[in-house]
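Student: Please take a close look at one loop for me and go through it slowly. After that, I would like to hear about the other parts of the model in one connected account.

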Amino acid sequence: MSRPNIVLINCDDLGYGDLGVYGSQINKTPAIDKMAAEGMRFTDFYVASPVCSPSRGAMLTGCYPPRIDFGDFDGGWVLMPGDPMGLNPNETTIAGALSEVGYTTKMIGKWHCGDQPEFLPTQHGFDSYFGLPYSNDMGRQVDDPLTTDPERIERLRARPPLPLIRDREVVQEQPDLRALTERYAEEAVRFIRENKEGPFFLYFAHMYVHLPLYAPEPMVNASGNGDYGACVAGVDWVTEVLMDELKRQGLDEDTLVIFTSDNGSRMQDQGGSNGELRGIKGTTWEGGLRVPCIMRWPSKIPAGVVRSDITSSIDFLPTLAGITGADVPQDRIIDGTDISSLIFTGDNVTPPRDTFFYYMGNRLEAVRKGKWKLHVSRELRAHQQTGVVSQAVIDENAGTVPGLFDLESDIGETTNVYDNHPDVVADLSALAQACRVDIGDEATGVAGVNIRLAARVDNPETLTHYDPEHPYIYAEYDKSERG
Ligand code: MG
């Protein structure tokens, strides 16, 4: 079996409307637009959580976050520095599955599935790793003038220096974030060259476009959308560098490149956009979980095709396993579906997936089947707790529950047709209930019967500790934006 090289590019908080090919008028993304023209673009692609850690754990394991106890983290949205929890090393990740069939595997960039040594990428099927173990706003930064809660200020000040890791070792603290994406790109090029005999799997997880927004000067100067547009340009630049290197090495035809994001844009007033979609990162409106996805593999995937079938990041594991002959674990439930029948044809095929469940934390908030989406619960308290989202934003995301929307005619979820379609409501409500019984739902107090626990360590420690004598290049980042 001839096995393709696989490059998976995952952005951070890049919204549905942030790319030219998805309708952005202000960000320039020629390389990504070209990738879409030469490959397949998905319009109804979902990540399995509207926030970072659960989305990433789900994508790597092919499971909804609550299935693997990755819905929330002792009440937290995402993993924080020094948290005791992490993705269970007993789970099979995409890297682990591909390793078994001879792939050399590397991860570059943001991990966010546990920062304790037991949970780092090298414990999860990656031969090597270079990057930040969590978000780039979890290091030392100046105070946010919008934050007034003294407890939160104290908590933010207490954060340890941002660790840059090679494999399992911290090699720098508080790296220059303007230069980091360039370092990631160099690392990726080196990996491709060293492994051109293949097959290889490269998981490139951008720092961009998560706050704080630091980009190289030429990109800031050329941006029509401030620092945000500059960071999007950084993502586009890396795409071009990777495509160029694959061509130089003669690997272009036989490499599957996948481009996506871990969740929707955070706040539209900081430069990001979820296009026509309602809602933001952290909500189960479409803007939270529906994100760009593009796949390019010239020898196999037809060019210029746009697909509107429901697809999800949890489908990557079974799909890539199907393509490469790797094993999907048979001794446990995997939620993802092999969608290769969609990818390899430009024609209409029976959709491999017709339902999708929207979780925020461990709460089941919505279910989609076909064109219908039923909202069954909504919890915005966590947004208030972050202290950086205004009441206006919270109100805008409130809406009525339950609510039924026809996503085919109403992509922006503006018109609640709950009262007009009792049969659809009954059908989707039954699906929601079956899902609750299967993997649980905090909103209704149902404990799932088919869940597997995340891993934990006793006495966790942060990877770094601030030392005033240490020669940091930035002892404290000068931008206050977080989130
Ligand atoms: Mg994110």
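Tutor: Happy to. Helices here are DSSP runs of H or I with at least four residues, strands are runs of E with at least two, and both are numbered from the N terminus. Please keep in mind that this is a predicted model.

With those labels, Asp74 can be placed in the loop between α2 (52-61) and β4 (85-86). Its phi is near 50°, a positive value in a residue other than glycine. Asp74 has a relative accessible area of 56%, and because the cut-off for exposed is over 50%, this residue counts as exposed.

Asp13 makes a good companion to look at next. Its phi is also positive, near 65°, and Asp13 is again not a glycine. It sits in the loop between β1 (5-11) and α1. Its relative accessibility is 3%, and since buried means under 20%, Asp13 is counted as buried.

Let us follow the chain on to α1. The axes of α1 (residues 30-37) and α7 (residues 226-248) come within 7 Å and cross at roughly 55°. That crossing makes α1 oblique to α7. On the α1 side, the contact is made by Pro30, Ala31, Ile32, Lys34 and Met35, while α7 brings Val235, Asp236, Thr239, Glu240, Met243 and Lys247. Sorted by class, the contact of α1 with α7 has 6 nonpolar, 1 polar and 4 charged residues.

Two more loops have a feature of the backbone to check, this time in the peptide bond. Tyr208 and Val209 are joined by a cis peptide bond with omega about 5°, and Val209 is found in the loop between β9 (200-205) and α6 (217-222). From Val401 to Pro402 the bond is cis too, with omega near -5°; Pro402 belongs to the loop between α12 (391-396) and β17 (403-406).

Val328 belongs to yet another loop, between α9 (316-324) and α10 (340-343). At 21% relative accessibility it counts as partly exposed, because buried would need a value under 20%. Neighbours within four places in sequence aside, Val328 touches Pro318, Ala321 and Ile334. Gly62 is 266 residues away along the chain, yet its C-alpha atom is separated from that of Val328 by 9.4 Å.

Now for the wider setting. The protein is divided into domain 1 (5-353) and domain 2 (356-450), with C-alpha centres 24 Å apart. Their contact takes 36 residues from domain 1 and 33 residues from domain 2.

What lies in the interior? The largest nonpolar core has 75 residues, and those with the most contacts inside it are Trp111, Phe201, Tyr203, Leu256, Met295 and Phe316. Helix α13 (residues 422-439) gives the most to this core, with 6 residues. Both domains give residues to the core, so it lies between them. Tyr203 shows what such packing looks like: leaving out residues up to four places away in sequence, it touches Leu8, Asn10, Arg56, Met59, Leu60, Lys106, Met107, Ile108 and Phe126. A second, separate core has 54 residues, including Tyr22, Tyr134, Ala188 and Val257.

We can finish in the loop between α13 and β18 (455-456), where Gly448 is found. Apart from neighbours within four places in sequence, Gly448 is in contact with Arg436, Val437, Asp438, Ile439 and Gly440. From Gly448 to Glu38 is 410 residues in sequence and 42 Å in space, C-alpha to C-alpha.

Methods: Residues numbered from 1 in each chain as written. Predicted model: local features only at pLDDT ≥ 70, side-chain atom pairs only at ≥ 80, totals over all residues. Heavy atoms only, no water. Axes fitted to C-alpha atoms, helices over the stretch in contact; angles between N-to-C directions. Parallel < 35°, antiparallel > 145°, perpendicular 65-115°, else oblique. Contact = heavy atoms within 4.5 Å. Nonpolar A, V, L, I, M, F, W, Y, C, P; charged D, E, K, R; others polar. Core = buried A, V, L, I, M, F, W, Y, C linked by side-chain atoms within 4.5 Å. Buried < 20%, exposed > 50% of the residue type's maximum accessible area, 1.4 Å probe, protein only. Domains from an automatic or database assignment.
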